[in-house]
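Thanks for coming. Please have a look at the structure on the screen, and then I will walk through it part by part.

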Amino acid sequence: MPTESPAIDTPLVRRLVDAQFPQWAHLPLALLEPAGSDHVIHRLGDGLTVRLPRHAGAIGQARKEAEWLPRLAAHLSLAVPEPAGVGEPAFGYPWPWAVTRWLEGEVATVETLGDSVTAAGQLAGFLTELQRFDPGTVAEAAARDDLAGDPLSGRDAATRAAIAATAGVFDAAAMTGVWEAALAAPAWHRPPVWFHGDFHTGNLLVTGGRLSAVIDFGGFGAGDPARDLMIAHTLLSPRTRAVFRESLDVDDATWLRGRGWSLAAGLSAYTAYAAVNPGVAAATTRQILAALEG
């Protein structure tokens with residue numbers, strides 16, 4: 001997990017907004033908590049959010065979302081963020097930052113959607129729509145450094161270290177078995193497709209008890225869609241996981257690679273945050289156990 005972070009406070013964000021987007025200088029600004037690990041987020045008036053990357057690993061997101069989200073929006077059945085502006089480094093803050101239209105909704109939870117067959121179908125439908133977006137450019141996009149995404153094998157050393165570190169909490173032999181099977185699974189053999197890249201519960205919004213939006217496209221790219229199967233293990237129950245898989249028509253090798261992504265991401269978050277955040281500990285424990293379950 002990246003640790004370096006510039007100092008970001010509300011007075012700095014106010015100065016950045018007022019200097020670069022004077023049309024919004026009159027709008028009130030308030031810090032949103034809790035925010036994600038990648039950005040400090042403020043609400044600007046009733047209709048906007050301001051997102052500043054906390055660390056270098058998130059600095060490409062503002063421009064990536066500004067480039068791709070307007071193109072994606074018309075092709076998807078769930079709402080996605082609408083970029084309103086990209087800010088430039090200033091006043092000692094070193095990286096591009098984003099202003100985005102506010103999306104109403106609450107973060108999805110296992111309690112609200114985990115056993116919803118409707119939600120499982122919506123999630124599969126969204127990923128199907130995403131994978132079919134702009135097929136004429138996907139192969140070229142998959143070769144771009146900012147869209148290629150890291151391979152599952154790139155997580156090997158960190159995941160094995162996390163397995164060893166959590167051996168007193170989880171079944172190390174079972175985790176190693178799932179991880180090695182995922183690495184050994186046949187690679188994606190079809191043409192590359194688009195993926196969200198960080199498709200987990202915290203990046204889904206719910207309104208009126210129904211899934212309504214998908215946010216945080218910092219990991220958006222093209223290639224193997226297995227990483228997006230993480231949602232099956234972060235949100236869904238065994239029953240709705242089966243509905244999701246059938247609706248998306250996922251083959252055995254891709255599902256196995258998806259379990260590997262779920263395990264790696266769950267262990268990464270658990271080892272970084274479980275000791276200081278009981279909510280993360282509970283969510284990632286569920287994710288890890290679900291990945292082991294299948």
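I will go through strands, rings, charges over rings, and empty spaces, in that order. One thing to keep in mind throughout is that this is a predicted model.

Let me start with the strands, and with strand 2, which covers residues 39–44. Is strand 2 mostly covered or mostly open? It is mostly covered, with 5 of its 6 residues buried.

Strand 2 has strand 1, residues 29–31, as a partner; the two run antiparallel and are joined by 3 bridges. If you want one position to look at in that pairing, take leucine 31, whose bridge partner in strand 2 is histidine 42.

Strand 2 also pairs with strand 3, residues 48–53, again in the antiparallel sense, here over 6 bridges. Within that pairing, valine 40 has leucine 52 in strand 3 as its bridge partner. Strands 2 and 3 make a hairpin, and 3 residues sit between them. Glycine 45 is in that turn, with a positive phi of about 65 degrees.

Now to a sheet made of later strands. There is an open sheet of 3 strands in the order 6-8-9, and the pairing is antiparallel. Which strands stand at the edges? Those are strand 6, residues 106–107, and strand 9, residues 210–214. Each of them has a single partner strand, so one side of each has no neighbour in the sheet. Strand 8 and strand 9 run antiparallel and are joined by 4 bridges. Valine 206, for example, has leucine 211 in strand 9 as its bridge partner.

Next, the aromatic rings. How many aromatic pairs does the structure hold? The count is 11. I will show two of them.

The first on my list is tryptophan 68 with tryptophan 194, a tilted pair, with 5.0 Å from centre to centre and 50 degrees between the planes. Tryptophan 68 belongs to helix 2, residues 61–73, and tryptophan 194 to strand 7, residues 193–195, so this pair ties together parts that lie 126 residues apart in sequence. Both tryptophan 68 and tryptophan 194 are buried.

The other is phenylalanine 126 with phenylalanine 199, which is stacked: the centres are 5.7 Å apart and the planes differ by 5 degrees. Here phenylalanine 126 comes from helix 4, residues 117–131, while phenylalanine 199 is in the loop between strand 7 and strand 8, so the pair ties together parts 73 residues apart in sequence. Phenylalanine 126 and phenylalanine 199 are buried too.

Going back to the tryptophans for a moment, they are part of a wider group. Ring pairs link Trp68 and Trp194 with Phe133, Phe217 and Phe220 into a cluster.

Rings also appear in another kind of contact, with arginine. Arginine 43 lies over the face of tryptophan 102, 3.7 Å from the ring centre. Arginine 227 has its charged end over the ring of phenylalanine 195, at 4.3 Å from the centre of that ring.

That brings me to the empty spaces. Searching the whole structure gives 1 cavity of 30 Å³ or more. What is the space inside the largest cavity? It holds about 40 Å³. Its lining includes Ala62, Glu65, Pro83, Val86 and Thr100. Helix 2, strand 4 and strand 5 are the elements that each give two or more residues to this lining. By class, the lining of the largest cavity has 6 nonpolar residues, 2 polar and 1 charged.

There are pockets as well, and I will take the second largest one, which has a volume of about 340 Å³. It is lined by 20 residues, and those closest to its centre are Gln131, Trp188, Arg190, Val193 and Pro225. Which element gives the most to this lining? Helix 4 does, with 3 residues. The lining of the second largest pocket divides into 12 nonpolar, 3 polar and 5 charged residues.

I will finish with a single residue, histidine 189, in the loop between helix 8 and strand 7. Is histidine 189 buried or exposed? Its relative accessibility is 64%, and the cut-off for exposed is over 50%, so histidine 189 counts as exposed. From leucine 27, histidine 189 is 162 residues away in sequence and 50 Å away in space, C-alpha to C-alpha.

Technical notes: Residues are numbered from 1 along each chain as its sequence is written. This is a predicted model: local features need pLDDT of at least 70, side-chain atom pairs count only at pLDDT 80 or more; totals for chains, interfaces and linings use all residues. Side-chain values use heavy atoms; hydrogens and water are left out. Rings of Phe, Tyr and Trp (its six-membered ring) pair if their centres lie within 6.5 Å; planes under 30 degrees apart count as stacked, over 60 as edge-to-face and the rest as tilted. Buried means under 20% relative accessible area, exposed over 50%, partly exposed in between (1.4 Å probe, protein chains only). A charge sits over a ring if NZ of Lys or CZ of Arg is within 6 Å of the ring centre and within 35 degrees of the ring normal. On a 1 Å grid over the protein atoms alone, a cavity is a set of points where a 1.4 Å probe fits but cannot get out, and a pocket is an open set with protein on both sides within 12 Å along at least five of seven lines; lining residues have an atom within 4 Å of a point. Grid points are joined across faces, edges and corners, and a volume is the space filled by probe spheres set on the points. Ala, Val, Leu, Ile, Met, Phe, Trp, Tyr, Cys and Pro count as nonpolar, Asp, Glu, Lys and Arg as charged, and the others, Gly among them, as polar. Two strands pair if DSSP finds at least two bridges between them.
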